Amino acid sequence: MRLRNVPGSREAIAANPMAITEPEQFHGKWNEVFGDNHPIRIEIGMGKGNFIIQMAQENPDINYVGIEKYSSVLIRAIEKCEELDLQNLRFIRMDAEYICDVFAKDEVDRIYLNFSDPWPKDRHAKRRLTSKQFFGRYDQILKPEGIVEFKTDNDLLFQFSLEQVPEANWKLVESTWDLHNDERLCQGNIMTEYEAKFSAMGNPIHKLIATR
Ligand code: SAM
């Protein structure tokens with residue numbers, strides 16, 4: 001993603017009640033943030049937020065936390081929420097490497113990874129959000145029956161991810177190399193910004209669902 005610095009974005013995020021600035025404080029206590037016991041689903045690398053905002057609008061009985069590394073990107077998602085009054089959505093600006101400091105064992109019901117950065121160099125493989133190292137982190141926060149859902153148009157990253165699932169001792173529940181032509185798996189699909197862009201260019205969208 002080409003990043004434009006957005007002056008003042010850090011300050012604007014810190015001042016916005018939808019953004020949780022010290023998320024470690026809520027480790028094991030995210031129900032207090034939302035004021036209910038609804039399941040918590042997170043999107044890691046949410047970008048400008050289309051997907052998670054629409055999910056939160058369509059599912060008021062589920063709580064959502066969007067995680068994004070860069071303030072210049074996260075601020076765009078926060079701006080989109082200004083008129084929406086979504087009580088079931090919060091945002092965190094952080095690197096997902098530290099996700100286990102923020103969520104406790106079994107605290108997360110589902111993890112969404114959409115169009116994650118490919119990190120094409122082999123020596124950077126462990127930074128990919130579908131690497132076995134990241135599955136190890138998800139293992140520590142996800143409920144036993146919880147799932148990871150991953151979408152991408154990147155063939156090499158998808159192949160890598162399909163291989164990492166068993167490497168990490170997880171199981172593949174579903175997978176497709178052409179989501180938009182798979183009537184069953186595409187049911188209820190919500191497009192992300194990248195998905196809309198790449199599918200308009202004719203790229204097939206790949207998806208996998210993994211569990212333990
Ligand atoms: N999910 C969005 C979509 O599908 O339109 C954005 C996709 S964009 C290619 C990947 C996003 O993930 C970027 O905004 C990037 O900053 C974020 N990201 C990458 N690695 C991350 C990490 N380790 N922790 C948090 N966010 C990350």
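## Exercises around a ligand site

In this structure, a polar side-chain atom of T192 lies 2.7 Å from an oxygen atom of the ligand. The protein covers 96% of the 590 Å² of accessible area that the ligand has on its own. Keep in mind as you work that this is a predicted model.

**Exercise 1.** Find which residues come nearest to the ligand, and sort the shell by class.

*Solution.* Start with the shell, which holds 18 residues. G45, E68, A96, N114 and T192 come nearest. Next, sort by class: eight residues are nonpolar, four are polar and six are charged. Finally, look at the space itself: the ligand takes up the largest pocket.

**Exercise 2.** Locate the N or O atoms of G45 and D95 that pair with nitrogen of the ligand, and say whether each is in the backbone or the side chain.

*Solution.* Take G45 to begin with: a backbone N or O atom of this residue is 2.8 Å from a ligand nitrogen. Now turn to D95, where an N or O atom of the side chain lies 3.0 Å from a nitrogen atom of the ligand. Both pairs can then be checked against the cut-off for a polar contact, which is within 3.5 Å. The G45 distance is 2.8 Å and the D95 distance is 3.0 Å.

**Exercise 3.** Work out which helix T192 caps, and at which end.

*Solution.* Go to helix α7, residues 193–200. A side-chain oxygen of T192 lies 3.3 Å from the backbone nitrogen of Y194, and T192 thus caps the N-terminal end of this helix. T192 also has a polar side-chain atom 2.7 Å from a ligand oxygen. Then step past the helix: just after α7, G202 has a positive phi of about 95°.

**Exercise 4.** W119 and N169 have positive phi without being glycine; place each in its loop and decide how exposed it is.

*Solution.* W119, with phi of about 40°, sits in the loop between β4 (108–114) and α5 (132–141). Its relative accessible area is 26%, so W119 counts as partly exposed. N169, with phi near 65°, belongs to the loop between α6 (155–167) and β6 (171–176). The relative accessibility of N169 is 65%, so this residue is exposed.

**Exercise 5.** Compare the separation of T21 and I92 in sequence with that in space.

*Solution.* Along the sequence, T21 and I92 are 71 residues apart. In space, their C-alpha atoms are 6.7 Å apart. T21 itself lies in the loop between α1 (9–15) and α2 (30–34), and with a relative accessible area of 51% it is exposed.

Definitions and conventions
Residues are numbered from 1 along each chain as its sequence is written. This is a predicted model: local features need pLDDT of at least 70, side-chain atom pairs count only at pLDDT 80 or more; totals for chains, interfaces and linings use all residues. Side-chain values use heavy atoms; hydrogens and water are left out. A residue is near a molecule or strand if one of its heavy atoms lies within 4 Å of it. A polar contact is a pair of N or O atoms within 3.5 Å; within protein, one must be able to donate a hydrogen and the other to accept it, and residues adjacent in sequence count only if both atoms are side-chain atoms. Accessible areas come from the Shrake-Rupley method with a 1.4 Å probe; for residues, only the protein chains shown count as cover. On a 1 Å grid over the protein atoms alone, a cavity is a set of points where a 1.4 Å probe fits but cannot get out, and a pocket is an open set with protein on both sides within 12 Å along at least five of seven lines; lining residues have an atom within 4 Å of a point. A molecule sits in a cavity or pocket if more than half of its atoms lie within 2 Å of its grid points. Ala, Val, Leu, Ile, Met, Phe, Trp, Tyr, Cys and Pro count as nonpolar, Asp, Glu, Lys and Arg as charged, and the others, Gly among them, as polar. Helices (H or I, at least four residues) and strands (E, at least two) are DSSP runs, numbered from the N terminus. Buried means under 20% relative accessible area, exposed over 50%, partly exposed in between (1.4 Å probe, protein chains only).
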